[in-house]
Amino acid sequence: MNPSAPHSNSYSRHVVMLATGGTIAGSALAVNHPQPGVYKAAQLSVQQLLVQSGIERHLIFQQWRAQGYVLEAEQVAQVDSKDMTQAIWLALAHSVQHHLQRPEVAGVVITHGTDTLEETAVFLQQVLAPAKPVVLTAAMRPSDDLWADGPQNLLDALVVASSDLRGVLAVMNGCVYAGAEVRKWHPWVVDAFGAVPAGPMARVHQGQLSVYRACTDAGVLALGLALLPPPEQPWPWVEVLASYAACSARALQCLVDTGVQGVVLSATGNGTLHECLEQTVGEYLAQGRLHLNQVLVATRCAMGGVVGQPSHGFPTAGNLTPAQARVVLMLNLMQCGDS
């Protein structure tokens, strides 16, 4: 299927859909021995996804087109998002930037897997800080599921991408989340996403957008694509280490001994760390084996962030998840030239 043909309306505005795979393009029929709940992600191309979703036959889509909007579609990657790579992030960021610079483009929709959506969202927001809406959407059920949630999420994403909102956003199950706040906090229900600290910033219902509050990312300066290394050059090596009962510092010691460039500590509670980790990080900082700009503390708690400054004094990631904090720390190290 070809993207929707342009209208003769001289005020036509384009929305570009960039596909990267994920469950939204997944299929249960692609499994050799089908079982309930078992499917393969990233099976449909963006053209096949548009056909199977049936959104172009929906009244909301027809009304959207009647307002002068045109849909373009482009395949950037085809991957289960658990296997997301830095190379795909790089290609996606360049593609988003290219289309946003086109004056006729109102916004961009990115179809994505749910598993790492929160990481891609914070990456794009930090690098591009777009002045137009860049909307990530996904699905918890594959495209051929009896109750597939992808088609409605796609329609909602088009509505948001055509709005006056700005920045990187995520649209799932009728909720609109700021890119730096969104997180997946359930493994299989349709209502699997939330946002910290304030929940959704808007909702979409029957094609109507209701905005509750401004995006917290508004006004954030873009780091810029020039910050990112070329495809053949590695990004800073940053790992996530968890603090837990009966914790050991051996993993941290091994990482530092083998040249890790950054460590995100997935902390308990409000950024607290097991004494062995706190002590070892403190010793490495005193010895110069680690520097403060190489350490970031995030909480492992699903529904909150680190508030204030924990007693250990290490830098914290605020409301970011440990996975998001890893993305931010990599970008911070690139800024410092530690890649």
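Trainee: Hi! How are α3 and α4 set relative to each other, and why call them that?
Mentor: In this predicted model, α3 and α4 are oblique to each other, because their axes cross at roughly 50° and an angle that is neither under 35 degrees, nor over 145, nor 65 to 115 counts as oblique.

Trainee: Within what distance do the axes of the two helices come?
Mentor: The axes of α3 (residues 86–100) and α4 (residues 117–128) come within 11 Å.

Trainee: Left-handed or right-handed crossing?
Mentor: The crossing of α3 and α4 is right-handed.

Trainee: Which residues meet there?
Mentor: From α3 you have Trp89, Leu92, Ala93, Val96 and Gln97. They meet Glu119, Thr120, Phe123, Leu124 and Leu128 of α4. By class, this contact has 7 nonpolar, 2 polar and 1 charged residues.

Trainee: Switching topic, what is the strand order in the open sheet of 3 strands?
Mentor: The order is β11-β12-β13, and the pairing is parallel. β11 (238–242) and β13 (295–299) are the edge strands, each pairing on one side only. Neighbouring strands are turned by 25° against each other on average, direction ignored.

Trainee: How many bridges join β12 to β13?
Mentor: There are 5 bridges between β12 (residues 262–267) and β13, and the two strands run parallel. For instance, Ala267 has Thr299 in β13 as its bridge partner.

Trainee: And which helix packs on that sheet?
Mentor: That is α8 (residues 322–335), which touches β11, β12 and β13. The direction of α8 makes about 155° with that of β12.

Definitions and conventions:
Residues are numbered from 1 along each chain as its sequence is written. This is a predicted model: local features need pLDDT of at least 70, side-chain atom pairs count only at pLDDT 80 or more; totals for chains, interfaces and linings use all residues. Side-chain values use heavy atoms; hydrogens and water are left out. Two strands pair if DSSP finds at least two bridges between them. Helices (H or I, at least four residues) and strands (E, at least two) are DSSP runs, numbered from the N terminus. Axes are lines fitted to C-alpha atoms, for helices over the stretch in contact, and angles run from 0 to 180 degrees between N-to-C directions. Contact means heavy atoms within 4.5 Å. A crossing is left-handed if the near helix is turned anticlockwise from the far one by less than a right angle, and right-handed if clockwise. Ala, Val, Leu, Ile, Met, Phe, Trp, Tyr, Cys and Pro count as nonpolar, Asp, Glu, Lys and Arg as charged, and the others, Gly among them, as polar.
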